[in-house]
Structures are given as structure tokens and as C-alpha cells.
Amino acid sequence: MSSTRVAETLVDELVRGGIRDFVVAPGSRNGPLSFAMLAAEQAGRARLHVRIDERSAAFLALGLAAGSGSPAVVACTSGTAAANLHPAVVEAAMSGVPLVILTADRPAVLVGTGANQTIDQHGLFGRAVRLTARLSSTDEDGAVRSWADRLVAAAAGHGGVPGPVQLNVEFTEPLTPDPDDTPATDRRTQRHPWTTVTSSTTSQRLDVAPRTLVVVGAAAEPLVRSAVTSAMRRGLPCHVEASAAARAWPGSLRAGSWLIDDDGFVAANRPEEVLVVGRPTLGRALGRLLSHPSTNVSVVNTHPDWADPDFVARRVHLADELQIVGEVDDRWAAGWDRADRVATATVERHDAEHFGGGAVARAVLQHANRVLLGSSTSVRHADRHRPGRLPAAVWANRGAAGIDGLVSTAAGIALAGGPTVALLGDLAFLHDSNGLIRGPEEPDPDLTVVVVNNDGGGIFHLLEQGAGRYADRFERIFATPHGTDLSALCAAVHVGHVGVHTAEGLAAELGCETRGTRVIEVALDRQGDRAERARLSSAVAAALATAP
């Protein structure tokens, strides 16, 4: 077949397999794919998104997939263009987001010959992809369709973990459509995939100890929802990290991270068993709790890639849904509930008096329905400063926990499902400011980006590097102040910008019904972050110690 025919057949089969969103970065070698994707959009069969930066394009596809729950496609040309997809591929792999990567390539015979823009792309992403395959212009219609269906099934997680897949397509010239080419249509049907794939669901009934703490991290939503619902029904204390499905937050501990972080409280209320659901990533204190010799640790995950970085798990259960059973020590559980109310009230009083990163996160969670949390300080503030009212859906790129691609991820989520608010630090925002750039024919997502601008990496103030003995070196190599004028940056890419300085001002802006992309900048001073966090931790500890 010609390159045009291969591309048309491939795109046609991907659409039949359920793909609706295609993202492409411009290039010559991937021209056949670009033509085919545009034709699919013009026929009303798919949506095409064009971005000039491959890294942003890949994270946009990741956001589209995360927001819709269905695989999305990103396509690029050969050479370093393909390498620029790698950060999003890694995040998709570790977050379990279904992503189909189409890397256009020159014929394999040219690899290693010095041909322009040619690198060895087959297997470029190593073990980060669930499946890698290659096609060329010599492959027949059935082979192209069969591989397309295999790739979609692997990306969607049929029989395994959802994640990214790569198809390296070797296109020969000509790379533009020939008017004499016949349309790519399935010889047997024009509606169904060449190959149909099905999978089954498993449920697990789990008997736990009377004093069991349930800790929920990132996992498939059915597992998260069933675990939390079951724990609530039994009356067990349940801590759900901010990176887990937001629908599971109601009824869980609002101050769970503060309680687990308080050594005095944990010593007096130590669980016999900790049931870890999914992959928690936000607290070092949890590692101390799990590693205590008197704690029995059980882990539940959907697939055999369970989280146990401390090597303490004694029971591992693989299931899509979970039912928790067993007797509960009601007095012990009530102690966790009382402590949660005390700690929550203490944090709320602090936020009412101090407009810092925690208060900003609280306002975003309280006023937005769909939220993407930045991977660094933002998600931690959201974890520790939860309001009573919670959003309907929350996302966080905590698979690899990188700060790259977050503007594009948020844009993809908004395009997939509607108005979205992203809470980012200034470094994360600047890292993907290219994500704000779009062509005049590209749809403008209804996206509000709240940027906490403290002129540098605020999280390092809370880590070991922020200790006073490193102060003479801290600013240059960790804090990395940049002095960027965010309003000027937004103006350059035709994105609205507003600055706020109070909780009331932020709430008012978040309450406005707006369309398109805009940035709300909250300027804060990071120099006192470490001391402020210490004061709040002391206040919570004192409140817990004196509570009846």
C-alpha cells in the first residue's frame, strides 16, 4: 500500500476501536497521518488537536485520555520529535493512562546511514510502553487493522495495566495524498473493529483486623470507590490521598495526613493493620507507620504492580473491586474520628488567618468541580487543607510526579470534559508555558490556571535542602528564582491574566463564569513557608494532645 493508504487505514481502524481524540505535531514524515486525521475530523468521526511542541502535544493527549477515560492518540514526525514524547509516555505508564503513540519514521534501511532526521525509534520508549510495534508501507490492510486493534486493547489495559503503546510507522515517499488512491474501508464492515477484545471484572472480599486504617492512593476508580465505600460502611478510619479519585473523598478523613504525621497521636492510636489501596505517594510519615514492627500491612491493587517501596507488605490482593468485612473496634475508630475533627478545625482556623498556599488550595477545591493538582507543593497543600465541599473530579500527574506538561494535561482534561481549574506552582507553569499556545483553528479549552507564584521552588523549603545550614547555597541551586512577569507572558500568547491577593479575591474570581483559557496569579512570599508549616504542625499536635 502507499503511505497515504496505510495512514488512512490505521486512522480508520483506530476510530472503529473507540479513539475519538487525535493530537498531532506538524512534520513532513508524519504528513500521511496528519492528512488522515484531518479527514476523520472533517467526516465528523474524530477530533483533531494540533500543537507545535511535541512535549506539550503528548501531555495534551494524556489529559484528553485522563479526562475521558478512553485512549487518545498523539502523532509526531521522526527524530528528536519522537524523543520529546518520552516524559508524557513515562507519566502515562506510571499513572495507568491509555495513550497511543504514533511515531512516523523513515524506512528501516536508512537507520544508521546518516539519513537526515533519522534515529533508531523502534523501542525508543523501552519498558515504559505496554506494547511496541512497527508497520511500513508494504504491510497489507489486514495487518494494519489487526495491529491497530492490538494497540488499543493494550493501551486500554485489557488483560493488564492501562498505559502507553507505541506504533512506529515507516512511511516512504510520496508523503501526500494521491487523488487516485482508493479510500481505506474495511472489506467486511464499515462500523466494527477488525478484532473485538473483551475482559472481565473481579471482586475481592477481604477480612481485616478490628483496628485497621485504610489508606487509599492512586488507583482505578472502581477499586477506590468500592474500598472507601466499604470502609465507611464498616466504620473504619480511611485516609484518601488527594491524588485518588475525588468521588471517594466524602466521608474519609479530612486531616488524615496530619494525623499520620503526628508521632504522638499514632503511638496512642496505632492500627493493628494498614490496608493500602492503590499507590499512595504523598507522605514520608506513612512509610514510618507501615514499617513499624507491630503493623501488619496488606495491599490491594488492580494489577500485579502493587505499591510496597518499604518491602513490608505481607498480603497482596489483586482485584477490580473490594468489599471489606470483619469486626471493628468502635472505640478505637471513634478516636480517629474525633482527632480528625480537632485537626481539621485547627487547620481551618489557620487558613482563615493566613492566606498562604494551603488557603489557596482550599479555595480551589471548594469552588471548582474539576481540578488538576500540580505534582509538587500544590497536591500536598490540597491533601492537607481540604474544605467541607469537594470537587466532583480531581487529577494529578503523580505517576512519575514530574512538573512537566501540566498546563497541557489540564487543557486536555478540559477539552475532554468541560471547565477545569489547574492549581500549579510558578515553576510548573513556566515549565509548560508552551501549553498555552494554540493555533487560531484549535478549540480554546475552558481552563482556569491558578498559579501560586512565589518566585521559585517552594517545596524545597519544606525538604532537607531548606534547612538553615544550606542557606548560603539554597537560593541558586534549589529555589531557582526567575523573576518572570507572568502577566506579560500571558499577554504574549493572548491568554487572559488577573492577579489576586486575598482569599476573598480568589473566591470571587473562581466564582466567575468564564469561557476559554485564563490565568489567575496569586503572588506569595515563600521565604516563610518552612516556619509557617512548622507552626501549623505544632498547633495541630498541641490540639490533638489536649483534646478530650
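How are α11 and α12 oriented relative to each other? Keep in mind as you look that this is a predicted model. Helix α12 covers residues 357-367, and its axis runs 9 Å from that of α11, at an angle of about 105°. Angles of 65 to 115 degrees count as roughly perpendicular, so α11 and α12 are roughly perpendicular to each other. If you want to see where they touch, look at V347, E348 and D351 on the α11 side, which meet G358, A359 and R362 of α12.

Now for the nonpolar interior. The largest nonpolar core is made of 72 residues, and the ones with the most contacts inside it are V214, V216, L275, L322, L373, V450 and L506. Helix α11, residues 330-353, turns up again here: with six residues, it makes the largest share of this core. A second core, separate from that one, has 48 residues, with A57, A128, I413 and L447 among them.

Let's zoom in on V216. Once you set aside neighbours within four places in sequence, V216 is in contact with V224, V228, C238, H239, V240, E241, A244 and V277.

Next come the aromatic rings, where the count comes to four aromatic pairs. Take F265 and W336: their ring centres are 4.9 Å apart and their planes sit at 80°. Planes over 60 degrees apart count as edge-to-face, so that is what this pair is. The pair also ties together distant parts of the chain, since F265 belongs to helix α9 (residues 263-268) and W336 to helix α11, with the two positions 71 residues apart.

W336 has another partner in W332. This pair is tilted, with 6.0 Å from centre to centre and 55° between the planes. Both tryptophans are in helix α11, four residues apart, or about one turn of the helix. Put together, F265, W332 and W336 make one aromatic cluster. Are these rings buried or exposed? F265 and W336 are both buried. The cut-off for buried is under 20% relative accessible area, so W332 at 6% qualifies, and so does W336 at 1%.

Two other tryptophans have an arginine for company. R150 lies over the face of W147, 5.4 Å from the ring centre. For W258 the arginine is R384, which lies over the ring face at 4.6 Å from the centre.

Back to helix packing, this time with α3 (residues 54-68) and α5 (residues 86-95). Their axes are 8 Å apart and the angle is about 25°. Anything under 35 degrees counts as roughly parallel, so α3 is roughly parallel to α5. On the α3 side R55, A58, F59 and L62 do the touching, and they meet P87, A88, E91 and A92 in α5.

One more residue is worth a visit: T409, in helix α14 (residues 406-417). T409 has a relative accessible area of 1%, so it is buried. Not counting residues up to four places away in sequence, T409 touches F59, L60, L62, G63, L372 and N397. F59 and L62 are familiar from the α3 side of the packing with α5. T409 and A65 lie 344 residues apart in sequence, yet their C-alpha atoms are 9.4 Å apart in space.

Technical notes:
Residues are numbered from 1 along each chain as its sequence is written. This is a predicted model: local features need pLDDT of at least 70, side-chain atom pairs count only at pLDDT 80 or more; totals for chains, interfaces and linings use all residues. Side-chain values use heavy atoms; hydrogens and water are left out. A nonpolar core is a set of buried Ala, Val, Leu, Ile, Met, Phe, Trp, Tyr and Cys residues joined through side-chain atoms within 4.5 Å. Buried means under 20% relative accessible area, exposed over 50%, partly exposed in between (1.4 Å probe, protein chains only). Contact means heavy atoms within 4.5 Å. Rings of Phe, Tyr and Trp (its six-membered ring) pair if their centres lie within 6.5 Å; planes under 30 degrees apart count as stacked, over 60 as edge-to-face and the rest as tilted. A charge sits over a ring if NZ of Lys or CZ of Arg is within 6 Å of the ring centre and within 35 degrees of the ring normal. Axes are lines fitted to C-alpha atoms, for helices over the stretch in contact, and angles run from 0 to 180 degrees between N-to-C directions. Angles under 35 degrees count as roughly parallel, over 145 as roughly antiparallel, 65 to 115 as roughly perpendicular and the rest as oblique.
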